[in-house]
Amino acid sequence: MPRSPIRRPPPDLDLSAHLRSVESLPEVLTSQSLFANDQPLEIEVGSGKGLFLTNASSATPKHNFLGIEIQSKCAEHAAGRLAKAKLANAIMVSGNAEPLFAERVPVESLAAVHVYFPDPWWKKKHRKRRVLNETSIVNYATAIAPGGRLHFWTDVLDYFEDTVEMIAELAPHLGVPIPEEEIEAEHDLDYRTHFERRSRKHHIPVYRVRYEKQ
Ligand SMILES: C[S@@+](CC[C@H](N)C(=O)[O-])C[C@H]1O[C@@H](n2cnc3c(N)ncnc32)[C@H](O)[C@@H]1O
């Protein structure tokens, strides 16, 4: 399916409070170091155009949200949405989530990790490039605090089944997979993410799961 083009935010929109490079990030990623408060921190990996980050940070002002997006154009677009909505509890990082989780997110510090519609990497020899792989699953499970959540949604059944299997094997302390419901969408922005909207509009099934760490 073709992807829709990404628009850069208008040049006069100030992104300085909402877009960070990896180089400009603090050494350790916490609510205190990023937002100067102690609200629970949630991280989204692969934010795309930023629909989830915008809706979630606006609906949950008492939590902080960090989106990590490897494509700089997408990160800018998502940061533009946050800036337009003047959201003080959300920041986009333009960069790779993997080393940030491996090196800079403290153990048992996160209220949630969100991974929605990660790129499928269909070929078997490319599977190790998937965002959800053996290393990241262990890193996410380590970073999530007791009682914290991992959300994973995809429209690729094989990715879904492989991931559920890997989590059971590598991170059993994340608990059992809890199915998440499809929410009625009355409006184009009511979907969890752009890719959820795309899949549902094309009648492609979506597999949704949540884990809650013991
Ligand atoms: C298929 S898109 C889905 C975007 C969004 N989550 C959605 O559901 O609309 C996957 C996104 O993950 C991003 N991505 C892939 N690998 C990444 C990584 N290692 N770190 C951060 N973002 C990554 C891609 O650039 C892409 O924007």
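Buried means under 20% relative accessible area, exposed means over 50%, and partly exposed lies in between. Keep that cut-off at hand for the exercises below, which work through a predicted model.

**Exercise 1. Strand S3 and its cover**

Task: Find how many residues of strand S3 (residues 64–69) are buried, and which of them point each way from the strand.

Solution:
- Start with the count: 6 of the 6 residues in S3 are buried, so the strand is mostly covered, given the limit of under 20% relative accessible area.
- Next, sort the side chains by direction. Asn64, Leu66 and Ile68 point one way, while Phe65, Gly67 and Glu69 point the other way, and all are buried.
- Now look at a neighbour: strand S2 (residues 41–45) runs parallel to S3, and 5 bridges join the two. Within this pair, Glu42 has Phe65 of S3 as its bridge partner.
- Finally, add the helix. H2 (residues 51–59) lies across S2, S3, S4 and strand S5 (110–116), and runs at about 175 degrees to S3.

**Exercise 2. The sheet and its edges**

Task: Work out the order of the strands in the sheet, and say which strands stand at the edges.

Solution:
- The open sheet has 8 strands in the order S1-S4-S3-S2-S5-S6-S8-S7, with mixed pairing.
- Strand S1 (19–21) and strand S7 (178–179) stand at the edges; each has a single partner strand, so one side of each is left without a neighbour in the sheet.
- For S1, 3 bridges lead to strand S4 (residues 90–94), and the two run parallel. Ser21 stands opposite Ser94 in S4.

**Exercise 3. Two helices that cross**

Task: Describe how helix H5 (residues 134–143) and helix H6 (residues 157–170) cross, and which residues make the contact.

Solution:
- Two packed helices are described by the angle between their axes and the distance between the axes.
- The axes of H5 and H6 come within 10 Å and cross at roughly 60 degrees. H5 and H6 are therefore oblique to each other.
- The crossing of H5 and H6 is right-handed.
- On the H5 side, Glu134, Ile137 and Val138 make the contact; on the H6 side, Thr163, Met166, Ile167 and Leu170 do.
- Sorted by class, the contact has 5 nonpolar, 1 polar and 1 charged residues.

**Exercise 4. Placing Lys201**

Task: Is Lys201 buried, partly exposed or exposed, and which residues does Lys201 touch?

Solution:
- Locate Lys201 in helix H7 (residues 194–201).
- Its relative accessibility is 46%, so Lys201 counts as partly exposed.
- Leaving aside residues up to four places away in sequence, Lys201 touches Asp188 and Tyr191.
- As a distance check, the C-alpha atoms of Lys201 and Leu41 are separated by 31 Å, with their positions 160 residues apart along the chain.

How values were computed:
Residues numbered from 1 in each chain as written. Predicted model: local features only at pLDDT ≥ 70, side-chain atom pairs only at ≥ 80, totals over all residues. Heavy atoms only, no water. Axes fitted to C-alpha atoms, helices over the stretch in contact; angles between N-to-C directions. Helix = DSSP H or I, 4+ residues; strand = E, 2+ residues; numbered from the N terminus. Parallel < 35°, antiparallel > 145°, perpendicular 65-115°, else oblique. Left-handed = near helix turned anticlockwise from the far one by under 90°. Contact = heavy atoms within 4.5 Å. Nonpolar A, V, L, I, M, F, W, Y, C, P; charged D, E, K, R; others polar. Buried < 20%, exposed > 50% of the residue type's maximum accessible area, 1.4 Å probe, protein only. Pairing = 2+ DSSP bridges.
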